[in-house]
Amino acid sequence: MTPRQTPMIIDGQPVISQSSDWRDVLNPATQEVVARVPFCTLEEVDRAIDSAHKAYASWRQTSLGARMRIMLKFQQLVREHTKELAALITEEHGKTLPDAEGEVGRGLEVIEHACSIPTLQLSELAENVATGVNVYTLKQPLGVGAGITAFNFPVMLPCFMFPIAIATGNTFVLKPSEQDPTSTLRLVELAHEAGLPPGVLNVVHGGPEVAARLCQHEHIKGVSFIGSSHVGDIIYQLASQAGKRAQCMMGAKNHCVILPDANKNQAIDALIGSAFGAAGQRCMANPVVVLVGEARQWSADIVERSKKMRVGPGTDVTVDVCPVVSPQAKERIQRLITSGVEEGATLALDGRDYQVSGYEQGNFVGPTVFTQVTPQMRIYQEEIFGPVLCVVEVETLDEAIAFINANPNGNGTSLFTASGWAAHKFQNEIDVGQVGINMPIPVPVAYFSFTGSRASRLGPLGPNGKEAVKFWTHSKTVTERWFEPDSISAGVNTTISMK
């Protein structure tokens, strides 16, 4: 097949970049070049920002009801095109079709939440705070927002950004990952089919230079980023130093704690699903399991069930573990596995150099399980972002909590138990932003905010829920008094009191 050219979207129209720097987008299962994506010129980025800036003047004045109706149509179109979007995700990212459809569904939750914007953007009023004086607040849009997303959720992550931003009256420039941009573009096309005016939502492509321009351009007022810690630190510093509002959701090292009173079969199935689903390429995956007390005897069962996970292309709906996104990702994961062996961990299941018949060029890494893992090892310290599970053993729940709290990251954690007391203790004492109780991947529904913490997050406000509305709006407080016509002045008052 002839690789498709990936356009920008500016003023509501696809635009082919004039850049001389184009990169291949590969199918991870076959290494076939399915698309080519440009690293846009800075002039093209400025053009997209200018388009959003011009559109803001009219879009911010568009009524809440009109914005809501566009979002309602948008969610309908996304729902109708779920299978199309999922197929594009699988082709460029590699994840299984059922997993890709699940991703579209989680993105839909945010769009549906944005349909409630008339109530989400309500403000406050206090009447007669002094004689004849009322005070009220306004939640007004910031201006032009920018979003920079990672490869692992090319539909869901953009939905964590632009639906609430544009529903609250902002305009937007989105930079998706250059590794799998086509499903993101199709999502944006559907937003325009729903009636979004030209310029409200624009798309550019590129690397560090494009991201830096989005962070520093004078018309950009807020920047949202989801991706690696290294890049997130840079984005946050650039945006903050330029006076922008910024939120960065970054790296993780999540832990799943299993107590001996947990339902053994359910806990192990949930664990390996979260560890190996999407080949471990989720910021909310559980790459570390902490077995407590007698549950330490379950290591062998975890290994045996991991061996049964089926590895193959995402288009095969019977597959459990898909390829990783690129040859570079595969090489890095395999280097980390080797380091674990060299540093003394026990390699109970080795997924290196995994071969799938008919897909010999694919980026496959099989399920990998390490036991006897310690905090000093690279496989524990680094976010592997692959199908690698580290098994840690402790004696008590207190030890498990202390072990997790000593890790610098705080994205997510989960506990499997039958004890309400243990669950309550865990959720209160654990220093992690998102907690699952008998839930392996505790990503909250869209009307709750994404609340990763510590080194996993920069910025006080996260995506989704009430925090997203706060992030994409600023408050203005109005104090007013109206006089009767021809009323007589009470005279000059030089105090600051109101009566």
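In which kind of crossing, left-handed or right-handed, does α3 pass α4? In this predicted model, α3 passes α4 in a right-handed crossing. Helix α3 spans residues 82-92 and helix α4 spans residues 97-114; the two pack at an angle of about 120 degrees, and their axes lie 8 Å apart. Because of that angle, α3 is oblique to α4. On the α3 side, the contact is made by T82, K83, L85, A86, A87, I89 and T90, while α4 brings L97, A100, E101, E103, V104 and L108 to meet them.

Turning to the interior, the largest nonpolar core has 61 residues. Within this core, V257, I258 and V373 have the most contacts. Helix α11, covering residues 264-276, gives the most to the core, with seven residues. V373 deserves a closer look: neighbours within four places in sequence aside, V373 is in contact with A345, I379, Y380, C390, V391 and V392. A second core, separate from this one, has 58 residues, and I111, I166, A191 and A468 are among them.

The cysteines round off the picture. A search of the whole structure finds zero disulfides. C40, for example, is in no disulfide, and the nearest cysteine sulfur, that of C215, is 16 Å away. C40 is buried, since its relative accessible area is 7%, below the 20% cut-off. C283 is likewise in no disulfide; here the nearest cysteine sulfur belongs to C248 and is 13 Å away. With 18% relative accessibility, C283 also counts as buried.

Definitions and conventions: Residues are numbered from 1 along each chain as its sequence is written. This is a predicted model: local features need pLDDT of at least 70, side-chain atom pairs count only at pLDDT 80 or more; totals for chains, interfaces and linings use all residues. Side-chain values use heavy atoms; hydrogens and water are left out. A disulfide is a pair of cysteine sulfur atoms within 2.5 Å. Buried means under 20% relative accessible area, exposed over 50%, partly exposed in between (1.4 Å probe, protein chains only). A nonpolar core is a set of buried Ala, Val, Leu, Ile, Met, Phe, Trp, Tyr and Cys residues joined through side-chain atoms within 4.5 Å. Helices (H or I, at least four residues) and strands (E, at least two) are DSSP runs, numbered from the N terminus. Contact means heavy atoms within 4.5 Å. Axes are lines fitted to C-alpha atoms, for helices over the stretch in contact, and angles run from 0 to 180 degrees between N-to-C directions. Angles under 35 degrees count as roughly parallel, over 145 as roughly antiparallel, 65 to 115 as roughly perpendicular and the rest as oblique. A crossing is left-handed if the near helix is turned anticlockwise from the far one by less than a right angle, and right-handed if clockwise.
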